[in-house]
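Welcome! Here are some short exercises to help you find your way around a new structure. Try each one yourself before you read the solution.

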Amino acid sequence: MTDLFYERKKVSEKMTKHDRDNAYSFAEGYKEFIDKGKLERLCVKYAVSEAEKKGFRPFEYGKEYKPGDKIYLVQKEKAAVFAIIGTNPLDEGFDIVAAHVDNPRLDIKGMPLYEDTGFAYMRTHYYGGIKKYQWTTIPLMLTGVVYKKDGTQIEISIGNEKEDPVFCVTDLLVHLSYEQAKKPLGEAFNGEMLNILIGSEPDPDAEKDKIKTNILKLIKDKYGISEEDFLSADLSAVPAEKSRDLGFDKSMILGFGHDDRSCAYPAFKALMDKQSVRRTAVCVFADREEVGSMGITGLRSNYMTDFLIELCENSHVNVRKAFANSKALSADVSAAVDPSFPEVFEKQNNALLGCGIAFNKFTGRGGKAGASEAGGKFIASILNELDKNSVIYQFAEMGRIDAGGGGTVSQFLADRNIEVIDVGVPVISMHAPYEVISKNDLYMLYKCCETFYK
Ligand code: MN
Ligand code: MN
């Protein structure tokens, strides 16, 4: 259901009583998911443990699966595909919801440690599109894995719990910022300035680099990691705070990485809540979307299609026919109108927070470039199903035509001859350390995915 004009009603004015009762409790599960899964690897880990409880088992190559089987594939710890085999033949097509579980953050460099004027720091290389100044003066946590040459893996998570210390990038005091304040936003802070403060006390026995040596000693004692081990680490700094209800009415959530975990979670939950399906239902957690989906865990890699091809071949079904009959939702967030910045939005065709999930017929930039576009016939068939299940949606583009833009994984599904449309939760402050979404929109995406999986 939708209202066509920009005086769109809020979801809360239109939703059923049943949905009203469910939406806020659904948000509690979501907050737990994003607090535990601040990186793609942690999202995959959490989801796999939940899926196991629901009877999902690791996918095996060469095995023929039967209707009702629940399986998952984990791709190099950072991406995953979950599926329930349908009762219909596989060549009638897959219903795929693909979301991404990576999000913008500060990755720790391979040789990160240095000391300057009585402080120890770690150098970072940011991942994804960020406004760099937003990442200063907020508490950061370190999270990731250090892989040692002997095969051991050391999990790092410092700053997520109350008793843990946190880290931060400092910023110049305003009193001495006359020159800094004259610079454009993109120049006042550059990538090499995003160094994380990690200590200030010396090792009295050290000859030189006393502060750095002291920090290395502490790391060695606690984790058994030496300076060289950072070379084979996947370590990142992310906002330390947990997600919180936002507003007197608690109608919104302030949290890290709603892009795109606010879409990954509803898609995943919808699949987990299915007992059986007619068409084989697939939920994808992709990595690397924020940097263009390149890399072995991004959706340009073949792991998702290889998984689907395996299912078809082992069931002696024509895989090309299966793809041609497949449907996909590229579940990714949409830019919600921020009334503080009206100049970049075109309200009539942009998403409004709290007014339902936002379909994007296309993404891209500058004349629809660099993206796929969903056909009207496909859209009509999807909307017909959603209307029957009281899913509240709106249609959106990302801001004004020439203000900027962005892409999603939809084009990589379209590359495989899978019909696809973008849909997701509207977000304010996208890619900031803390983003804003509406609980009711989040729940509507769950209902959308629930309807989509048949
Ligand atoms: Mn996204
Ligand atoms: Mn993004």
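**Exercise 1.** How far apart are the manganese ion (ligand 1) and the manganese ion (ligand 2), and which residue coordinates both?

*Solution.* The two ions are 3.3 Å apart, and Asp-259 coordinates both.

Before going on, a word on the model: it is predicted, so local features need pLDDT of at least 70 and side-chain atom pairs count only at pLDDT 80 or more, while totals for chains, interfaces and linings use all residues. Residues are numbered from 1 along each chain as its sequence is written, chains are lettered from A and ligands numbered from 1 in the order in which they are written, and side-chain values use heavy atoms, with hydrogens and water left out.

**Exercise 2.** List the donors of the manganese ion (ligand 1) and place them along the chain.

*Solution.* Step 1: look for donors, meaning N, O and S atoms within 2.8 Å of the metal (3.2 Å for Na, K and Ca); water is not among the atoms, so sites may look incomplete. Step 2: at 2.1 to 2.6 Å you find His-100 (NE2), Asp-259 (OD) and Asp-332, which is listed twice through OD. Step 3: along the chain, the spacing reads H-x158-D-x72-D. Step 4: His-100 belongs to strand β4 (residues 94–100) and Asp-332 to the loop between β14 (327–331) and β15 (334–335), so this pair ties together parts that are 232 residues apart in sequence. Here helices (H or I, at least four residues) and strands (E, at least two) are DSSP runs, numbered from the N terminus. Step 5: His-100 and Asp-332 are both buried, where buried means under 20% relative accessible area, exposed over 50%, and partly exposed in between (1.4 Å probe, protein chains only).

**Exercise 3.** Now do the like for the manganese ion (ligand 2).

*Solution.* Step 1: its protein donors are Asp-259 (OD), Glu-290 (OE), listed twice, and His-431 (NE2), lying 2.0 to 2.5 Å from the ion. Step 2: the donor residues are spaced D-x30-E-x140-H in sequence. Step 3: Asp-259 in helix α6 and His-431 in the loop between β21 (426–427) and β22 (435–438) are 172 residues apart, and the pair links these distant parts of the chain. Step 4: Asp-259 and His-431 are both buried.

**Exercise 4.** Check the span of helix α6 (residues 258–272) and see how enclosed α6 is.

*Solution.* Step 1: the expected span is 1.5 Å times one less than the number of residues. Step 2: for the 15 residues of α6 this gives 21 Å, and the end C-alpha atoms are 20 Å apart, which agrees. Step 3: 14 of the 15 residues are buried, so α6 is largely enclosed by the rest of the structure.

**Exercise 5.** Which side chain meets Lys-31 in a salt bridge, and are the two partners buried or partly exposed?

*Solution.* Step 1: a salt bridge is a side-chain nitrogen of Lys or Arg within 4 Å of a carboxyl oxygen of Asp or Glu. Step 2: the partner is Asp-245, at 2.7 Å, N to O. Step 3: Lys-31 in helix α2 (residues 17–36) and Asp-245 in strand β11 (residues 244–246) are 214 residues apart, so the pair links distant parts of the chain. Step 4: Lys-31 is buried at 11% relative accessible area, whereas Asp-245 is partly exposed at 29%.
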